Amino acid sequence: MGILRKIFGKDTTTDVLEILEAQHREVDELIELIEKGEGDRRALFTELANNLAAHATVEEKVFYPAIMAKETNDMLQESVEEHLAIRRLLADLITMKLDADGFKAKLHVLKEQVDHHAHKEEEDELFPKVRSMFSSDERAAIGNELLVMFHELMQAQPYKNVPSETAAAAELAPPTRR
Ligand SMILES: [Fe+2]
Ligand SMILES: [Fe+2]
């Protein structure tokens, strides 16, 4: 039994693919709320920026190295480039006034890029490959590690690091498994 299963209860999955899909949904919902103008915009945007920043970082530091293989290499190289493009939009948004004219347009472009990257590239193409390459125990082990880092990052306002992470795409670490 994984440590997070003990903390969060036995029904909590730590399958890395389910965790990442849940994080994608959280990001989608936050963008939707901000676009609709519901709730405290500033608080929602900070929450969105923190979630996106931490999500991209745990994918680059834990998930991608864990699943790096001949079959996934090209997709992962493309993924870190897409993360860079998303971080650049996010860095711009972080410096803008929430009621500025360009904010809405830029947020919408962010939404389109997140949609393409998270749903089309990751969920539709990469995740089915990962599901066939790794057992559920292996996916749970990767998920455990990823959740620990995600929760650590989220305690330190990870959005603040985004502007300094926009010069170049993340270097992918060598494979950590297989
Ligand atoms: Fe990603
Ligand atoms: Fe993702």
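**Exercise 1. Work out whether Thr-46 is buried, partly exposed or exposed, and place it in the fold.**

Start with the neighbour count: Thr-46 has 15 C-beta neighbours inside 10 Å, so it counts as partly exposed. The cut-offs are 20 or more other C-beta atoms within 10 Å for buried, 12 or fewer for exposed, and partly exposed in between, with C-beta atoms placed from the backbone. Next, the element: Thr-46 sits in helix α3. Helices here are DSSP runs of H or I with at least four residues, strands are E runs of at least two, and both are numbered from the N terminus. Last, look along the chain: Lys-160 is 114 residues away in sequence, yet the two C-alpha atoms are separated by 9.7 Å.

A word on the model: it is predicted, so local features need pLDDT of at least 70 and side-chain atom pairs pLDDT 80 or more, while totals for chains, interfaces and linings use all residues. Residues are numbered from 1 along each chain as its sequence is written, with chains lettered from A and ligands numbered from 1 in the order in which they are written.

**Exercise 2. Describe how α3 packs on α4, from the angle to the residues.**

Geometry comes before residues. The axes of α3 and α4 (residues 73-95) are 11 Å apart, at an angle of about 160°. Axes are lines fitted to C-alpha atoms, for helices over the stretch in contact, and angles between N-to-C directions run from 0 to 180 degrees. That makes α3 and α4 roughly antiparallel (under 35 degrees is roughly parallel, over 145 roughly antiparallel, 65 to 115 roughly perpendicular, the rest oblique). The crossing is left-handed, meaning the near helix is turned anticlockwise from the far one by less than a right angle; clockwise would be right-handed.

Now the residues: α3 brings Ala-49, Leu-52, Ala-56, Glu-60 and Tyr-64, and the α4 side includes Leu-76, Val-80 and Ile-94. Contact means C-beta atoms, placed from the backbone, within 7 Å. Sorted by class, this contact has nine nonpolar, two polar and two charged residues. Ala, Val, Leu, Ile, Met, Phe, Trp, Tyr, Cys and Pro count as nonpolar, Asp, Glu, Lys and Arg as charged, and the others, Gly among them, as polar.

**Exercise 3. Check the length of α4, then find its buried residues and what covers them.**

At 1.5 Å a residue, the 23 residues of α4 should span 33 Å, and the end C-alpha atoms are 34 Å apart, which agrees. The expected span is 1.5 Å times one less than the number of residues. Buried in α4 are Ser-79, His-83, Ile-86, Arg-87, Leu-89, Leu-90 and Leu-93. Their cover includes α3 and α5 (101-133). Met-75, also in α4, is partly exposed, with 15 C-beta neighbours inside 10 Å. Leaving out residues up to four places away in sequence, Met-75 touches Glu-121, Glu-125 and Leu-126.

**Exercise 4. Do the same for α3 and α6.**

The axes of α3 (residues 41-67) and α6 (residues 136-154) come within 9 Å and cross at roughly 150°. This crossing is right-handed. Among the contact residues are Ala-54, Val-58 and Val-62 of α3, plus Ile-142, Leu-146 and Phe-150 of α6. The tally is eleven nonpolar, two polar and two charged. Ile-142, Leu-146 and Phe-150 are also among the buried residues of α6.

Terms used:
Two residues are in contact if their C-beta atoms, placed from the backbone, lie within 7 Å.
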